[in-house]
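Reader: I am new to this structure and would rather understand one part of it well than hurry through the whole. Please choose a part, look at it closely, and explain the terms that the explanation depends on.

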Amino acid sequence: MTTAPEPPDHEALRARYRAERDKRLRADGNDQYLEPTGRFAHFLDDPYVDRVERPPVREEVTVAVIGGGFAGLVTGARLRHAGIDDVRLIEGGGDVGGAWYWNRYPGAMCDTAAMVYLPLLEETGHMPTMKYTAAPEIFAHARRIARHFDLYERALLSTEVQGLRWDQASSRWIVRTDRGDELRARFVIMGTGPLHRPKLPGIPGIETFGGECFHTSRWDYGVTGGDPSGAPMTGLAGKRVGIIGTGATAVQCIPRLARDAGELFVFQRTPSSIDVRGNHPIDPAWFASLRPGWQREWLRNFCTLQTGGFADEDLVMDGWTDISQRIRDRIVALVEGGAELTPETMRRAYEDSDDEKMEEIRARVDAVVSDPATAAALKPWYRQLCKRPCFHDEYLDAYNRANCHLVDTDGRGVERIDERGAWVDGVHYELDCLIFASGFEVGTDHARRAGFETVGRDGRTLGGYWADGMRSLHGIHVQGFPNAFVVGLAQGANLVSNVTHNLVEAATTIAAVIAHARSTGAVEVEVTAEAEEAWVGLLQSSERGFLGDPDCTPGYYNNEGRTLGPKERLGMSGYPEGALAYFDFIDRWRRQGTFEGLTFRTRV
Ligand code: NDP
């Protein structure tokens with residue numbers, strides 16, 4: 001007879017979590033990271049296309065969409081659907097796709113199930129091949145949307161916006177680019193994305209490394225050989241390869257690197273939590289049996305379960321819905337057992353289910369990794385949502401290969417880098433190739449991340465206006481920036497597990513507002529100061545949103561372990577009633593047709 005495992009000692013776990021956090025706290029927080037400049041300036045270049053010169057475009061346009069990732073694409077699609085054809089997409093990359101254009105590293109895939117992650121599946125008629133699709137299929141889907149909605153025809157690719165300025169006299173935005181273009185746009189859409197500007201670890205001597213090196217978001221297949229679909233990276237045969245970082249990106253590419261490199265050295269500062277993946281092909285017969293409207297149903301079901309709600313069935317059934325259903329079921333059990341529903345009971349239910357989940361994740365490491373010391377170092381000691389949870393079925397097993405070496409730095413990071421390799425704990429690791437899986441800027445100035453400044457009414461800059469934190473109505477409209485619309489997560493649903501759900505809803509809202517402006521002959525639409533103030537006040541009235549726990553180990557989810565001030569809180573806040581309630585709210589707001597909080601001006 002087997003006995004149930006002992007529940008973990010909650011207090012002992014918390015003490016361990018705090019100790020691990022304390023090891024990693026740094027006075028320099030976000031400033032520890034470097035921008036790719038100097039020797040690394042080319043890390044921002046586009047390695048996938050050759051730049052082709054073209055004459056500058058000077059024209060008037062109804063809508064300029066900045067960013068050709070899913071934010072820009074779905075907004076373009078919704079605008080076309082609303083009958084607005086005069087849409088120019090402007091994108092720095094050589095094609096549409098955004099994150100999925102840039103991130104072509106081996107093993108890249110999306111952790112959110114394709115049935116809900118890939119936007120506009122019904123509209124474009126695409127069936128995902130797998131429950132979780134690989135990056136090339138996602139990139140192809142982005143291109144499919146651009147084709148389907150005729151967004152390519154007028155797209156300006158390989159074109160960086162350099163400035164956006166509101167011209168009051170003509171009620172238009174002047175959009176300037178690095179190609180000398182000057183568009184005079186009635187409306188601008190900002191779909192510039194949250195995680196796209198690569199950052200580098202501030203390791204002493206990093207600039208001295210003499211071997212091959214690149215950031216994962218610009219994978220150099222010229223060096224490694226192979227391709228994004230998984231062909232062997234023959235260029236790494238016999239080579240000593242190092243990778244810095246063990247976040248969601250590294251977890252996906254390490255199994256491929258371990259397969260192809262002569263020796264692989266994984267420099268780890270904090271282990272990721274690696275839950276079960278369980279990928280499988282989508283059955284075409286089953287897919288064909290889905291009723292029209294299925295994707296909306298799936299999106300709502302996933303959002304409901306993922307945010308602690310109830311549904312008759314779990315359509316997606318994955319690690320995301322598992323996390324929140326465990327918490328929800330514990331709360332239900334406590335209440336049924338007679339406990340009062342207080343913030344304290346809710347917190348306890350959350351912590352107990354998290355303890356249970358993290359024990360499972362740590363036990364999985366022991367079950368898969370043969371070397372006990374390596375297994376011990378791969379165990380995450382923090383709550384699952386302190387860092388981006390990872391899901392993978394080959395990552396842990398990669399460490400059973402004789403050529404795959406975990407170099408755990410016990411929270412300190414790589415000591416220094418020299419011309420020939422990296423140092424940890426006084427040991428030198430000689431490397432031919434060094435890969436930075438060190439992530440992307442989060443929380444830096446908006447203009448720096450977007451790559452341009454936005455100057456609105458009366459010379460107000462967006463960076464300046466948001467210096468003390470983001471302010472908006474619904475995360476979309478900003479006072480002083482008429483006819484400009486932000487497409488993102490923050491200050492709306494703020495649903496972090498399925499980003500595209502936010503984007504499609506924002507796109508639908510924006511298309512409705514622009515269509516209304518056009519049908520009423522309005523040349524300007526702007527949020528009132530009162531409506532923006534009220535919305536920000538509503539967000540601040542509740543802690544709901546994506547706010548880290550003070551005991552969490554540092555990372556970009558919690559401002560690198562620094563106290564979250566009002567600015568960070570505003571940037572991470574969401575509708576107090578939760579994501580699904582936001583989607584219902586914004587649907588009603590759109591349908592009412594009065595667009596409460598916005599002013600439409602026909603003549604200025
Ligand atoms: P992350 O910011 O998550 O990870 C960066 C890694 O670099 C961390 O492991 C960090 O360690 C490590 N690091 C930083 N500085 C040092 C140093 N000095 N020495 C050693 N290690 C260091 O970036 P990723 O690119 O992995 O992921 C970014 C985000 O992109 C994810 O969180 C996710 O949202 C998204 N993504 C989504 C995927 C999907 O499936 N949908 C797949 C891949 C990425 P530490 O943890 O200690 O800070």
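Author: A residue is called buried when its relative accessible area is under 20%, exposed when that value is over 50%, and partly exposed in between. Phenylalanine 583 has a relative accessible area of 4%, and because this is under 20%, phenylalanine 583 counts as buried. The model used here is a predicted one. Phenylalanine 583 belongs to helix 20, which covers residues 579-592, and, with residues up to four places away in sequence left out of the count, phenylalanine 583 touches Cys303, Ala493, Leu495, His501, Asn502 and Glu505.

With that term in hand, the part to look at closely is the pair of sheets. One of them is an open sheet of five strands, in the order 8-17-9-10-13, with parallel pairing. Its edges are strand 8 (212-215) and strand 13 (404-408), and each of these has a single partner strand, so one side of each is left without a neighbour in the sheet. Neighbouring strands of this sheet are turned against each other by 15° on average, when direction is ignored. Within the sheet, strand 9 (residues 240-244) pairs with strand 17 (residues 433-436) in the parallel sense, and four bridges make up that pairing; here glycine 242 stands opposite leucine 434, which is in strand 17. Across strand 9, strand 10 (263-268), strand 13 and strand 17 lies helix 8 (residues 248-260), and helix 8 runs at about 170° to strand 9.

The other sheet is built in the opposite sense. Strands in a sheet are held in pairs by backbone hydrogen bonds, and the pairing can be parallel or antiparallel. This open sheet has three strands in the order 14-15-16, and its pairing is antiparallel. Strand 14 (416-418) and strand 16 (427-430) are the edge strands, each pairing on one side only, and neighbouring strands here are turned by 25° against each other on average, direction again ignored.

Strand 15 takes part in both pairings of this sheet, and it is worth following them one at a time. Strand 14 and strand 15 run antiparallel and are joined by three bridges, with a hairpin of two residues leading from strand 14 to strand 15. In this pairing aspartate 418 has glycine 421, in strand 15, as its bridge partner. Strand 15 (residues 421-424) is in turn joined to strand 16 by four bridges, and these two strands also run antiparallel. Glycine 421 finds its bridge partner in strand 16 at glutamate 430, while tryptophan 423 has histidine 428 of strand 16 as its bridge partner. Strand 15 and strand 16 likewise form a hairpin with two residues between them, and in that turn aspartate 425 has a positive phi of about 55°.

Aspartate 425 deserves a further look, since its side chain links the turn to another loop. With a relative accessibility of 56%, aspartate 425 counts as exposed, and it forms a salt bridge with arginine 412 in which the closest N and O atoms are 3.6 Å apart. Aspartate 425 lies in the loop between strand 15 and strand 16, and arginine 412 in the loop between strand 13 and strand 14, so the pair ties together parts that are 13 residues apart in sequence.

The loop between strand 13 and strand 14 also holds aspartate 410, which forms a salt bridge with lysine 23 of helix 1 (residues 10-24), so this pair ties together parts that are 387 residues apart in sequence. The closest N and O atoms of lysine 23 and aspartate 410 are 2.7 Å apart. Lysine 23, at 36% relative accessibility, counts as partly exposed, and aspartate 410, with a relative accessible area of 31%, is partly exposed as well. These links are set within a structure that holds 58 salt bridges.

Technical notes: Residues numbered from 1 in each chain as written. Predicted model: local features only at pLDDT ≥ 70, side-chain atom pairs only at ≥ 80, totals over all residues. Heavy atoms only, no water. Buried < 20%, exposed > 50% of the residue type's maximum accessible area, 1.4 Å probe, protein only. Contact = heavy atoms within 4.5 Å. Pairing = 2+ DSSP bridges. Axes fitted to C-alpha atoms, helices over the stretch in contact; angles between N-to-C directions. Salt bridge = Lys/Arg side-chain N within 4 Å of Asp/Glu carboxyl O.
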